[in-house]
Structure formats: C-alpha cells, structure tokens
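Please open the model in a viewer and keep the sequence panel in view. The tour proceeds by selection, with a short account of what each selection shows.

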Amino acid sequence: MSPSDSPAGPAPRLSVVIATYNRLPLITRLLQQLAGQTLPPEQFEVVVVDDGSATDVKGPLSALKLPYTLRVEVQQNAGAAAARHRGVLAARGTTVLVTDDDMQVASDFLARHLAHHPQGSRNVVLGRIRPDPEIGEMPLFERWYAYLNNRMAEELSVPGAKARGNHLYTGNVSFPRADYVGVGGFDKTLGQSEDVELGVRLEKAGCAFLFAPDAYVLHGSDHVSFEKWIRRAHRYGMFDTHVSVKHPDVKGVNPWRLFFETNLLSRPLLASAVVAPEASRKLTEAVVKASTVADKLGLTGAAFAGTSVAYGMEYLRGARTEAGGWRGVAKGVARYLQGRGNPQG
C-alpha cells in the first residue's frame, strides 16, 4: 500500500489527478511508472478517481506498494469531467497535473512539468502527447488521432508560436490549483469539449499557456470500435456548439471554423452533411471505405485525408443537430465570421 491514503502532513508540491473507468490494468501500469520518478516521492501525490467501473478498482490499487501517497476516490459513473473535477478538488498540491489512465510516462515526467511552474507563475503547461511505439498496430482512426497530435505539436513548436486556451487537452496538462478553482473548474454539463472550455476560461482569467514538448507522455489506445469513434465526432460537434454559445468571442471553439479552415476540395462533402444530414451518410460511409482501402495500400496520406473528411462530416452533423435548424446554423456561422479578428481564436 502507498505510504498514506490520508491528507495528513505537509501539502505536496504537485498533485497528479487521473480519472479511470474500466481500465484497471492500464491505471495500474501508470501508477507503477510514477513510482520511478526522479521527483522525490514526498513532493507529489496521486489522486485517482474511479468513475463507476464495473469491477473494484480501489481495492487492487490500494494494495499496491508505492513510494508516494496515493488516494483513490470512487463515484457513480458521471463522466470524465466530473471525475477529474472531484480529483482536483481533493488534491492538496499547489500545482495539479491531469493525465489519462492509458498514458505511459518517462522517469522525469513530473520534474519536467514542475520546472515550468516557477514560484508565482500562473502557467498552464501543455505537455506533448507522443504515439505509443506500437501505433502501427492500432486502427486507422487512432493513428489519425496520433497524426493530429503530432501536427499540433509541430505547429506549437515553431518559434513565435503561442499556445492558447482552446488548445487545452486533459491527456497531459498541469496548472495552478488555485486558478482552476478560481474559474470554477470543468463544466460538468458538457459531455465532451470540457477541456477546451476550461482552457478558454483560464486564458481569460490571465493564465499563460506554454507548450512543453519535453514533458511528454506516450499514448496508446484500447479503442477498437469505429462506431464509437464516429459517435464521438458527432458529440464533439454538439458540445463545441455549446462552448461556442458560451464563448462567442473565441473563434477557436466555434464548430463552423472546420468548414472554413478545411481544404477547398473537401468543402462540398462537409456541406452535404449540413444540408442533408441523413441523406449524406452514404457519402460518409463511402469516404470511410476509400480511406480504409488507401490505408491497406500503404497510401497513408490519402487514408488520413479521407479520415479527416469523414470525421468532419460527422462533426458538422453534430453541430447541425445542436443548432436545431438553419437559423441556428446561420447564427453559428455569423459568430465565427464576426470573431475571425479576435486574437483569442
């Protein structure tokens, strides 16, 4: 068992918060990797929140022999945002690091994050998400997701590039606990996109955003269902619409940006998902099949391009659904066009 499961003693410098759901082997692997950190174990704690897993998580995790303080919270299934929020509120460290249960970390991971939080700073630090070395064995949609992460990392690594609030992701991020609490934490009414929405509020509150490629994690995946992936795309379109209404001044969270920022050749397909959401599903299926064929032929660029279009079509269907009709679509597009000059975007 870890040294203590109580909050007694001095507060640690860093609290690591991890939400988990039905992934006991993966969260166990991560906790064991955290046991080998160069940061002294008395300087950090780990708070795991089990979001209603089907089997016991607290018992097996509490039985682990770990050099740092581990606390395991258990709640009925309420979603990742609620689980992470509970974990941050339970955390005692002045700096909080949030990561996912399917990540792997190097021995200097925590020390590198802390190095970007000098005393008195209000930094939100986005660590890099690198693909697992076994990425080639994963489904096309997961390899596409890794490709997007790499592309964003490259863009943020360009001299002069600036990370913004709408870049925030919960797979690898650290921030001052006081700032998180000060802005109200994750919006638990959002089923997705709660990370981006939190980032926007933190930036508006005056936090500085930094991209830290040295504080990286390795991301694998146990996702194998294409149907679930496409449903997530739909939900992202819906919830990004909510975020856009909440923050109409930030074009980077407006779902309709996807149409205007994508390749001109892809726009007719994206438009079809908005104009005829149900009738165009056959088109999406055709794009997916073509992408799969391209992938099998080793045409990775074409496979990723097709996957992007398929995702975009379903994403805009979700935005169209949430807009509730053409009037709602027109309002969303108008918000995007009016906000294009806003530096927060």
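The stops below move from loops to helices and cores.

The model is a predicted one.

**Stop one: the loop after strand S1**

Select Asn22, which lies in the loop between strand S1 (14-20) and helix H1 (24-34). Most residues other than glycine have a negative phi. Asn22 is not a glycine, yet its phi is positive, at about 55°. With a relative accessibility of 41%, Asn22 counts as partly exposed.

**Stop two: the largest nonpolar core**

Next, select Leu31, Leu34, Val46, Leu61, Leu70 and Leu110. These residues touch the most other members of the largest nonpolar core, which has 54 residues. Centre the view on Leu34 and display its surroundings. Neighbours within four places in sequence aside, Leu34 contacts Val16, Ile18, Phe44, Val46, Tyr68, Val105 and Leu110. A second core of 23 residues is separate, and Val287, Val288, Phe304 and Tyr315 are among its members; Val288 has its own stop later in the tour.

**Stop three: helix H3**

Select residues 80-90, which form helix H3. How many of its 11 residues are buried? The count is eight, and H3 is thus mostly covered. To see them, colour Ala81, Ala82, Ala83, Arg84, His85, Gly87, Val88 and Ala90, the buried residues of H3.

**Stop four: the loop before strand S6**

Move to Ser121, in the loop between helix H4 (109-115) and strand S6 (123-131). Is Ser121 buried or partly exposed? Its relative accessibility is 23%, so Ser121 counts as partly exposed, the cut-off for burial being under 20%. Draw a distance from Ser121 to Leu156: the two are 35 residues apart along the chain, and their C-alpha atoms are separated by 21 Å.

**Stop five: Ser193**

Select Ser193, placed in the loop between helix H6 (177-182) and helix H7 (194-204). Ser193 has a positive phi of about 70° and is not a glycine. Its relative accessible area is 3%, and Ser193 is therefore buried.

**Stop six: helix H5 against helix H12**

Show helix H5 (residues 140-157) together with H12. Their axes come within 10 Å and cross at roughly 95°. H5 and H12 are therefore roughly perpendicular to each other. On the H5 side, display Leu140, Phe141, Arg143, Trp144 and Tyr147; on the H12 side, Ala303, Phe304, Thr307, Ser308 and Tyr311 complete the contact. By class, the contact of H5 with H12 comprises seven nonpolar, two polar and one charged residues.

**Stop seven: helix H8 against helix H12**

Keep H12 (residues 300-323) on screen and add helix H8 (residues 226-246). The two helices pack with their axes 7 Å apart, at an angle of about 45°. H8 and H12 are therefore oblique to each other, and their crossing is right-handed. Which residues of H8 meet H12? They are Trp229, Ile230, Ala233, His234, Tyr236, Gly237, Met238, Asp240, Thr241 and His242. Opposite them in H12 are Thr307, Ala310, Tyr311, Glu314, Tyr315, Arg317, Gly318, Ala319, Thr321 and Glu322. The residues of this contact divide into nine nonpolar, seven polar and four charged.

**Stop eight: Ser244 in H8**

Remain on H8 and select Ser244, which is found in this helix. Ser244 has a relative accessibility of 1% and so counts as buried. Apart from neighbours within four places in sequence, Ser244 is in contact with Val253, Asn254, Pro255 and Arg335.

**Stop nine: helix H10 and its cover**

Select residues 267-275, helix H10. Its buried residues are Leu270, Ser272, Ala273 and Val274. What covers these buried residues? The cover includes helix H9 (257-261), helix H11 (281-296), H12 and helix H13 (326-338).

**Stop ten: Val288 in H11**

Finish at Val288, found in helix H11. With a relative accessible area of 18%, Val288 is buried, because the limit for burial is under 20%. Residues up to four places away in sequence not counted, Val288 touches Phe226 and Ala310. A last distance may be drawn from Val288 to Gly306: they are 18 residues apart in sequence and 6.7 Å apart in space, C-alpha to C-alpha.

Key:
Residues numbered from 1 in each chain as written. Predicted model: local features only at pLDDT ≥ 70, side-chain atom pairs only at ≥ 80, totals over all residues. Heavy atoms only, no water. Axes fitted to C-alpha atoms, helices over the stretch in contact; angles between N-to-C directions. Helix = DSSP H or I, 4+ residues; strand = E, 2+ residues; numbered from the N terminus. Parallel < 35°, antiparallel > 145°, perpendicular 65-115°, else oblique. Left-handed = near helix turned anticlockwise from the far one by under 90°. Contact = heavy atoms within 4.5 Å. Nonpolar A, V, L, I, M, F, W, Y, C, P; charged D, E, K, R; others polar. Core = buried A, V, L, I, M, F, W, Y, C linked by side-chain atoms within 4.5 Å. Buried < 20%, exposed > 50% of the residue type's maximum accessible area, 1.4 Å probe, protein only.
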